[in-house]
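Reader: Hi! I am new to protein structures and would love a close look at one part of this one. Could you walk me through the salt bridges?

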Amino acid sequence: MSNVNFTSGAIRVTDSAAVFGSVTYQISSIGSVSIKQDPGGFGTALMFADIVFSIYIWITISFLFGIVIFFGLGFAIAMIPSKSTLVFRTSSGDVHVFSSYDKALIAQIKGAIEQAFANRGSLQ
């Protein structure tokens with residue numbers, strides 16, 4: 001009987017398998033696990049719009065107000081959340097398994113799979 005290292009909704013990680021909905025991955029077939037950060041939203045386009053709008057405000061209203069708008073919008077754009085993706089390295093290549101904006105959930109799943117690796121190593 002395998003220990004259950006993590007469970008949340010349709011996700012379950014045991015010492016022998018990681019189940020994501022209807023897809024099951026055998027822990028023994030996973031070489032490594034990593035987290036990939038995808039950039040959030042339309043960052044470059046929004047930053048360009050921020051610069052254009054700030055210059056417009058600077059020319060039409062005031063320099064100081066344009067600077068405040070530039071940094072304020074820049075900070076807001078930087079706060080757009082990025083998506084994290086759990087990636088398994090297998091013998092047939094990298095498999096993007098699960099994506100979420102919840103970084104803590106992705107980190108917990110990764111930790112549970114690493115725990116399964118450790119448990120597998122101690123059983124051999």
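Author: Happy to help; here is a walk through the salt bridges, with a short look at a surface patch at the end.

This is a predicted model, in which local features need pLDDT of at least 70 and side-chain atom pairs count only at pLDDT 80 or more, while totals for chains, interfaces and linings use all residues. Residues are numbered from 1 along each chain as its sequence is written, and side-chain values use heavy atoms, with hydrogens and water left out.

Side chains of opposite charge can pair when their charged atoms come close. A salt bridge here is a side-chain nitrogen of Lys or Arg within 4 Å of a carboxyl oxygen of Asp or Glu. Searching the whole structure turns up two of them.

One joins aspartate 94 to arginine 89, with 2.8 Å between the closest N and O atoms. Aspartate 94 has 43% relative accessibility and is therefore partly exposed; buried means under 20% relative accessible area, exposed over 50%, and partly exposed in between (1.4 Å probe, protein chains only). Arginine 89, at 48%, is partly exposed as well.

The other links glutamate 114 and lysine 110, at 2.7 Å from N to O. These two residues sit four apart in helix α3 (residues 103–123), so about one helical turn separates them. Helices are DSSP runs (H or I, at least four residues), numbered from the N terminus. Glutamate 114 is partly exposed at 34%, and lysine 110 is partly exposed at 21%.

Elsewhere, phenylalanine 71 lies in helix α2 and is exposed, with a relative accessible area of 55%.
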